[in-house]
Amino acid sequence: MSRCPTSTAALRVQMRIEISRLHKRLRRTMIYVTHDQVEAMTLADKIVVLDAGRVAQVGRPLELYHYPANRFVAGFIGSPKMNFLPVKVTAVEPQQVQVELPNRQWVWLPVDGERVEVGANMSLGIRPEHLLPSGESDVQLSGEVQVVEQLGHETQIHIQIPAIRQNLVYRQNDVVLVEEGATFAIGLPLQRCHLFREDGTACQRRYREPGV
């Protein structure tokens, strides 16, 4: 790794700080175009997410993070990106939907049941940072650890869950000591889960996140 006194990452951080200061000092509406979601989340009062040139969602940063309108926005906002699990609908009520997880567990998700039918194949979304240690949830998923990324301030663990093609990413603050190849279990907090229809649109979450 080359040594550079002013890295590109450091320059981008400084640029965000200067733009934020300028915005507050001028007190004027500014339009800032970026592909960097960190810049969008930290600089914007309101974000417009474009998908192939079309508006996918407009809202405040935390609205897009906690209540994405569709799977595209859900996967675009957040790093590491949101995990998606294939599920099948087994029961529907106005304010909750029951789904079957890949490990054959049946769970009720607190989401709007509008335009959801029993038997439909849908996607459950959960952010890596919202997953819990296995002992903190009654609903658990387990699999084989594929990759462990130790970043010092946090650990990102990539887990191969049976019946899921893609690895599930678990993110936890601080150091987590686990070896590749080990079996690792995580907890699934149902109130933090998202549910997406086959057309990609999101079922409205009933759980209200703080500050949104």
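Me: Is Gly 152 buried, exposed or partly exposed, and what is its relative accessible area?
Reply: This is a predicted model. Gly 152 sits in the loop between strand S8 (140–150) and strand S9 (154–160). Buried means under 20% and exposed means over 50%. Gly 152 falls in between, so it is partly exposed, with a relative accessible area of 46%.

Me: Which residues does Gly 152 contact, leaving aside its neighbours within four places in sequence?
Reply: Val 176 is 24 residues from Gly 152 along the chain, and their C-alpha atoms are separated by 9.7 Å. Contact asks for heavy atoms within 4.5 Å. With the sequence neighbours left aside, the residues in contact with Gly 152 are Asp 174 and Val 175.

Me: Which strands hold the two partners of the salt bridge between Glu 154 and Arg 171?
Reply: The two side chains meet at 2.8 Å, N to O. The pair links distant parts of the chain, 17 residues apart. Glu 154 lies in strand S9, and Arg 171 lies in strand S10.

Me: Is Glu 154 buried or exposed, and at what relative accessibility?
Reply: Its salt-bridge partner, Arg 171, is partly exposed at 22%. The cut-off for buried is under 20%. Glu 154 is below that cut-off, so it counts as buried, at 3%.

Me: Which residues share a network with Glu 209's salt-bridge partner Arg 205, or rather, which parts does the Glu 209 and Arg 192 pair tie together?
Reply: The side chains of Glu 209 and Arg 192 meet in a salt bridge of 2.8 Å, N to O. Arg 192 is in the loop between strand S11 (183–187) and S12, and Glu 209 is in the segment after strand S12 (194–196). The pair therefore ties together parts that are 17 residues apart in sequence.

Me: Which other residue forms a salt bridge with Glu 209?
Reply: Glu 209 is buried, with a relative accessible area of 5%. The residue in question is buried too. Its closest N and O atoms to Glu 209 are 2.8 Å apart, and it is Arg 205.

Me: Which residues make the nonpolar surface patch?
Reply: Strand S1 (47–51) and strand S2 (54–59) each supply at least two of them. One of them, Leu 50, lies in strand S1. The patch covers about 360 Å² and is made by Val 48, Leu 50, Val 55 and Val 58.

Me: How far apart are the C-alpha centres of domain 1 and domain 2?
Reply: The domain assignment gives domain 1 as 9–76 and domain 2 as 131–188. Their C-alpha centres lie apart by 29 Å.

Conventions
Residues numbered from 1 in each chain as written. Predicted model: local features only at pLDDT ≥ 70, side-chain atom pairs only at ≥ 80, totals over all residues. Heavy atoms only, no water. Patch = residues over 30% accessible without salt bridge, like charges linked within 9 Å, V, L, I, M, F, W, Y side chains within 5 Å. Areas by Shrake-Rupley, 256 points an atom, 1.4 Å probe, with all protein chains shown as cover. Salt bridge = Lys/Arg side-chain N within 4 Å of Asp/Glu carboxyl O. Helix = DSSP H or I, 4+ residues; strand = E, 2+ residues; numbered from the N terminus. Buried < 20%, exposed > 50% of the residue type's maximum accessible area, 1.4 Å probe, protein only. Domains from an automatic or database assignment.
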